[in-house]
Amino acid sequence: MRRVITGALIGLALTCALATLGLAGPARSLGIQILEDKVGRYEKVEMEIRVDGRYDNPFDPDVVDVIVSLKSPDGRQITLPAFYCQPYERRRLGQSRNGANWYYPVGMGTWKARFAPMQTGTYLATATLRDRAGAVQSDSVRFDCVPSSNKGFLRASREDPRYLEFTTGGRFFPIGQNLAFIGEGQYVNLTKAEEIFGKLGANGANFLRIWTCCKDWAMAIEARKSAWDRSWQRNAPIEPCPAASSSNGDEPLRRCVRIGGNGKGFVTVSPSHPVALRPGTRYALSGRFMAKGPTALRVNLGRNSWELPCGAAGQSEWRRFSQEFVTAENEFRFGRTTLSLVGSGTVWLGELSLKEVPDGPELLWEADVNRPVRGFYNQLDCFMLDEIVEAARSNGIYLMLCVLTRDLYMASLSDDKSVEYDRAIRDAEKFMRYAVGRWGYSTHVAAWEYFNEMNPSLPTDRFYAELGEYLERIDVYHHLRTTSTWAPSARDCRLGSLDIAQLHHYMRPETKEEFKDEVAVVLDQAKFLRTHAPDKPALIGEFGLATPKWGLSDYMKQDKESVHFHNSLWASAFAGVSGTAMFWWWDQLDRQNAYGHYRPLAAFFADVSLSGLHAMHDSAADGSYRWLGYTGKDRAYLWIADTQATWWNQVVDEKQPAQIEGAIVTIQGLDLGDYRVEWWGTYEGKIIRTDKVSLAEGSLQISVPSFQSDIACKVSKVSN
């Protein structure tokens, strides 16, 4: 059910002030709509907010600040940041399951707020807008929160802060990987991502690390996405605009694109995002240009071509142009577009725009060379993230979102006493405010990861502390916070403002021999994390086989049975960190359909609680096998592995592991009494044998069934 409430203007503002702000008129009103008046606990309630003004930068709360105030059932006041968004229509082009996606903006943008109520009962919601002209407030609207099966948000466990649990108290052990680059030019586009989510969920995986900071090769909410060049080849002729000899009343341009002069006599318009068009629809391509020398500017857009006269020789003035065209009945994309000189000389081009006639939204926003990089959140990637969060919910997967584009901030963080450092904090706060407003409602957003692999030598402590304090105020759900560095950072692991310690590691062929033994590598990384973060969740956020220069290893391609993947998953799950190592090479895992390796591990851990247990590892006297896992006073969980069954021995040396017979493992610290031992096949994901043993004194020794490669067990005390 939809309820619509419209409120009155609070205060009075001058007409000229409103005109300066770009608002519709001297009187304003604010409306709020609740799309559903009944919602489950921890589920999404969405509110649409009607704002009758338009702003040059609706993402900046210093320009326009829209919030929703909620009165909870127990009388507490909750404040939510609202957010501006551009809705999109999405279609899949092509018959394949990973066919290209088509995204087309619907309308001219709107304001929304999203909320996940954490308490059952009736809520009262009121919207408020503040700008330079004053404040306006809506009337209030009600909605009811009812019980649901949603477990809530993820937290550090109250019983054992090394591990994770839900708000409602249920344990959570992350089992998953990276799926960092999602974009139409990537192996994984949005449709493919949704397919992978389904495969992961069906096999028991529950955790993904997703980037929203890929610059211009994939999803990046705050990044320089340009129609003129790419981040790996910044060679576009963008420069300060020359002054015109006459003025026609237009605002002067700050920067523009140069064609000709000392460079090429043409430029190609090539947005990083494919621009969707509607078939059989009229569009206008427009802009401004100034010429010196050539007789015309030629525009080639797909099957359309125009020549724009440059004016009389010697004139230096900006000229506006607008050319309309109608798309063909099967034309869904903005085609290759080239602007070139007729004759020699120089043309300066600005404000290139593509809109549906008569008044559609801007489609060629990547052509704007005066658009700010920090503080502009591109709406297509935001829409994609909306879809990804929904896919996570549908498939029982929790997301660690890597949100800030590192290279937009890194240079500003070199001096923590500088103005640039202060500005970086403020810009990051604005970004996180938007993220909280748009995606914070989702219980499937497990954590905010500020940066991917920040320089660990920079003085980032103040940045994380102040950004953390800001989130404490505005993120009413208190999402976990983390970051990563390009080398292990003991300092970041210890920081109280970061809730999850994290490191990244790749097994690379170097001088050390350890890269041949994935179990030893995992144990070494876990040791670092637990040394510097003994009392908080800790994750190996990236892991895998790589070349010395960090590329995809040919050994991984050679490992068609994913031996290294299987061993690393089980080893990391039993090494004392808070979840499995998260593999990076998602495209290769998908090609090998390796998802089935998650199912046995997920089945084993389905009823396992690690709270209060301590991690341990040991090996046989002759070194033929080893075991690692967790022990307490009344239970233990172990993984036993043949030391010769490493990925190197099996994949490179092609040595098949022998059957291990007569193995015995010793478990320290158990209380005296009778115990049940469940033996699990690590490829079958089920119990293959059950034993009963008694401990009368000392340590418990258990006989391991004959196994090849590896086996796992659960040891639990039997109640008398």
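## Two positive phi angles

Tyr42 sits in the loop between strand E4 (38-40) and strand E5; helices (H or I, at least four residues) and strands (E, at least two) are DSSP runs, numbered from the N terminus. Although Tyr42 is not a glycine, its phi is positive, about 70 degrees. Tyr42 counts as buried, at 4% relative accessibility; buried means under 20% relative accessible area, exposed over 50%, and partly exposed in between (1.4 Å probe, protein chains only).

Ser709, in the loop between strand E41 (707-708) and E42, also has a positive phi, near 80 degrees, in a residue other than glycine. Ser709 is buried, with a relative accessible area of 12%.

## How to read the model

This is a predicted model, in which local features need pLDDT of at least 70, side-chain atom pairs count only at pLDDT 80 or more, and totals for chains, interfaces and linings use all residues. Residues are numbered from 1 along each chain as its sequence is written, and side-chain values use heavy atoms, with hydrogens and water left out.

The pLDDT, the predictor's confidence in each residue from 0 to 100, averages 93 over the chain, and 94% of the residues score at least 70. Over residues 1-27, pLDDT stays under 50, and the model has 67 contacts for them beyond four places in sequence; contact means heavy atoms within 4.5 Å. Where pLDDT is low, the predicted coordinates should not be read in detail.

## The nonpolar cores

A nonpolar core is a set of buried Ala, Val, Leu, Ile, Met, Phe, Trp, Tyr and Cys residues joined through side-chain atoms within 4.5 Å. The largest one has 161 residues, of which Phe197 and Phe574 touch the most other members. Helix H5 (residues 419-439) gives the most to this core, with 10 residues. A second, separate core has 36 residues, including Ala276, Leu301, Cys310 and Leu352.

Back at Phe574, the contacts beyond four places in sequence are Leu601, Phe604, Phe605, Leu628, Gly629, Tyr630, Tyr637, Leu638 and Trp639. Among these partners, Leu601, Phe604 and Phe605 are buried residues of helix H12.

## Helices H12, H8 and H11

Helix H12 (residues 598-605) has 6 of its 8 residues buried, so it is largely enclosed by the rest of the structure. Its buried residues are Tyr598, Pro600, Leu601, Ala602, Phe604 and Phe605. Their cover includes helices H2 (190-202) and H10 (563-573), together with strands E17 (176-178), E35 (635-642), E38 (673-681) and E42 (710-717).

Helix H8 (residues 518-532) has 15 residues, which at 1.5 Å a residue should span 21 Å; the end C-alpha atoms are 22 Å apart, which agrees. The expected span is 1.5 Å times one less than the number of residues. At the N-terminal end of H8, Asp517 acts as a cap, with a side-chain oxygen 3.2 Å from the backbone nitrogen of Val519. Val519 is buried, as are Glu518, Val521 and Leu523, among others in H8. In helix H11 (residues 586-591) you will find Gln588, which is buried at a relative accessible area of 8%.

## A three-stranded sheet and its loop

Strands E14, E15 and E16 form an open sheet in the order E14-E15-E16, with antiparallel pairing; two strands pair if DSSP finds at least two bridges between them. E14 (154-156) and E16 (171-172) are the edge strands, each pairing on one side only. Between E15 (residues 164-166) and E16 there are 2 bridges, and Glu165 has Arg171 as its bridge partner.

The loop between E14 and E15 holds Arg158, which counts as exposed at 62% relative accessibility. The Arg158 side chain makes a polar contact with that of Glu165 (2.6 Å). A polar contact is a pair of N or O atoms within 3.5 Å; within protein, one must be able to donate a hydrogen and the other to accept it, and residues adjacent in sequence count only if both atoms are side-chain atoms.

## Strands E37 and E5

In strand E37 (residues 664-667) the side chains alternate: Val665 and Ile667 point to one face and are buried, whereas Ile664 and Thr666 point to the other and are not. E37 runs antiparallel to strand E40 (residues 700-703), joined by 4 bridges, and Thr666 stands opposite Gln701.

Glu46, in strand E5 (residues 45-51), is buried at 13% relative accessibility. Its side chain makes a polar contact with the side chain of Lys112 (3.4 Å).
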